[in-house]
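Trainee: I would like to test the labels on this model against their definitions. Can we go through them one by one?

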Amino acid sequence: MKIGHDYSLLPHNTFHFDVRCRHFVEYDSDDELKQLLDEGTYFEGPWMHIGRGSNLLFQSDYAGTIFHSAIKGIRLIDEKESDVFVRVGAGELFDDFIAHCVSHHWYGAENLSLIPGEVGSSAVQNIGAYGAEAKDIILSVEAYDVGSHQPTVFSTKECGYAYRNSRFKQEWSGRFIITHVTFRLSKLPTLNVGYGNVKEELSRQQLEPTIENVRNVIIAIRRDKLPDPDVTGNAGSFFMNPMIGRRRFELLHEAYPDMPYYDVDEDNVKIPAAWMIDRCGWKGQQVGNAGVHSKQALILINCGQATGQEVVALSKAIQYSVFQQFGINIEPEVNIV
Ligand SMILES: Cc1cc2nc3c(=O)[nH]c(=O)nc-3n(C[C@H](O)[C@H](O)[C@H](O)COP(=O)(O)OP(=O)(O)OC[C@H]3O[C@@H](n4cnc5c(N)ncnc54)[C@H](O)[C@@H]3O)c2cc1C
């Protein structure tokens with residue numbers, strides 16, 4: 001176990017804000033977490049649990065305890081004719097888990113390649129990319145109940161997964177600490193290359209659609225279009241893509257015939273927030289030390305010495321102009337602390 005006081009969170013948030021927390025506690029096992037819960041000292045004041053901090057924005061120092069899991073392990077726990085069941089420690093990097101799956105030819109996780117962050121958070125955030133979401137491969141989530149100090153296992157259904165959302169982010173926020181996630185992957189070679197330009201890129205490079213090639217192509221596309229958080233502070237997509245009613249969309253579409261959209265169901269349509277932000281002229285703009293990425297308008301960046309407050313101010317200005325122009329509220333995907 002590692003415990004720090006007046007501790008810098010600079011290495012623990014991909015926006016690279018030099019904020020501090022009163023206490024930082026990193027535990028290595030379920031037993032250590034249970035011990036911390038039973039002692040209770042660090043749960044007395046404000047506390048929160050983080051992963052790699054790649055979806056967090058600290059506006060100022062945190063006057064409480066930050067917990068972090070260092071629970072590791074990627075273990076094959078069961079195998080059927082066509083599926084494998086893999087239990088992974090919450091503190092493992094999600095991309096290390098994917099690399100493991102790809103090297104064993106276990107299918108289903110490869111489209112989520114190179115998303116920053118840890119396995120525990122993937123089950124909170126329901127991360128998604130290239131037509132895949134964490135919920136598609138999660139079988140169960142193990143967590144400690146902070147109130148009763150008891151371990152609990154949730155089925156995927158109980159986690160209430162939705163677009164970048166789960167009960168852990170909503171009504172269960174601050175109630176459970178995730179320790180392990182069990183994934184179900186397929187041994188059957190089924191790949192999904194129909195999203196983004198994965199298929200085009202495979203054929204451009206004359207590559208067979210193998211699990212390794214799909215992962216490599218997705219990594220290359222992401223490296224090309226997204227800022228590397230090790231170089232430029234950011235937390236990925238700052239806003240979620242808003243969903244609006246079809247009738248309202250039809251009216252908007254008359255005014256903006258080039259507005260892209262995705263059908264959600266018969267009554268609802270999703271609009272790419274990046275398109276609206278770009279249309280409002282924000283792409284590549286900088287206000288003080290905060291900016292909008294020049295290749296992807298959904299990503300807000302730390303241009304050097306930005307504070308969390310500067311990035312939040314920029315995000316509010318963007319929300320305001322999108323609302324003024326399109327009458328649509330865009331909500332942050334990033335967890336603002
Ligand atoms: C360059 C870049 C690209 C990105 N691309 C994508 C993308 O394509 N798709 C996508 O979905 N996301 C993307 N993201 C966002 C981010 O990678 C995900 O949200 C990721 O799941 C965050 O993981 P983390 O470990 O950093 O979690 P953190 O940001 O540290 O925390 C996220 C949430 O999880 C909670 N949490 C963390 N660990 C635990 C635990 N053990 N128990 C309970 N709660 C916990 C935290 O309290 C917080 O609410 C991107 C981010 C960056 C910087």
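The talk below takes up the ligand shell, the domains and the sheets.

Mentor: First, the ground rules. This is a predicted model: local features need pLDDT of at least 70, side-chain atom pairs count only at pLDDT 80 or more, and totals for chains, interfaces and linings use all residues. Residues are numbered from 1 along each chain as its sequence is written.

Trainee: What makes a residue part of the shell around the ligand?

Mentor: Its C-beta atom, placed from the backbone, must lie within 6 Å of the molecule. There are 34 residues around the ligand. Gly-51, Gly-117, Gly-120, Ser-121 and Gly-236 come nearest.

Trainee: Which elements supply at least two residues of that shell each?

Mentor: They are β3 (47–50), α3 (119–125), β8 (128–129), β12 (176–186) and β13 (233–237). The most comes from α3, with five residues. The names follow DSSP runs, numbered from the N terminus: helices are H or I with at least four residues, strands are E with at least two.

Trainee: How many residues of the shell are nonpolar, polar and charged?

Mentor: The shell has 15 nonpolar, 16 polar and three charged residues. Ala, Val, Leu, Ile, Met, Phe, Trp, Tyr, Cys and Pro count as nonpolar; Asp, Glu, Lys and Arg as charged; the others, Gly among them, as polar.

Trainee: Where do the domain bounds come from?

Mentor: From an automatic or database domain assignment. That divides the protein chain into domain 1 (2–69), domain 2 (74–186) and domain 3 (233–336). The centres of domain 1 and domain 2, taken over C-alpha atoms, are separated by 21 Å.

Trainee: What makes two residues count as in contact?

Mentor: Their C-beta atoms, placed from the backbone, lie within 7 Å. By that rule, the contact takes 13 residues from domain 1 and 13 residues from domain 2. On the side of domain 1, helix α1 (residues 30–39) gives the largest share, five residues. That side has three nonpolar, six polar and four charged residues.

Trainee: Why are β6 and β7 called paired?

Mentor: Two strands pair if DSSP finds at least two bridges between them. Strand β6 (residues 74–79) and strand β7 (residues 83–89) have five bridges, in the antiparallel sense, so they pass. Ile-74 stands opposite Val-88 in β7. The two strands form a hairpin, with three residues between them.

Trainee: What is the strand order of the open sheet of five strands?

Mentor: The order is β6-β7-β12-β10-β11, with antiparallel pairing. The edge strands are β6 and β11 (151–155), since each pairs on one side only. Inside, β7 and β12 pair over seven bridges, and Val-88 stands opposite Val-181 in β12. Strand β10 (residues 138–145) joins β11 through five bridges. There, Glu-142 stands opposite Val-153.

Trainee: Which strands form the open sheet of four?

Mentor: The order is β13-β19-β18-β17, again with antiparallel pairing. Its edge strands are β13 and β17 (286–287). Two bridges join β17 to strand β18 (residues 290–292). The cut-off is at least two, so this pair qualifies. Val-287 stands opposite Ala-290 in β18.

Trainee: What packs on that sheet, and at what angle to β19?

Mentor: Helix α8 (residues 308–326) touches β17, β18 and β19 (299–302). Its direction makes about 150 degrees with that of β19. Axes are lines fitted to C-alpha atoms, for helices over the stretch in contact, and angles run from 0 to 180 degrees between N-to-C directions.
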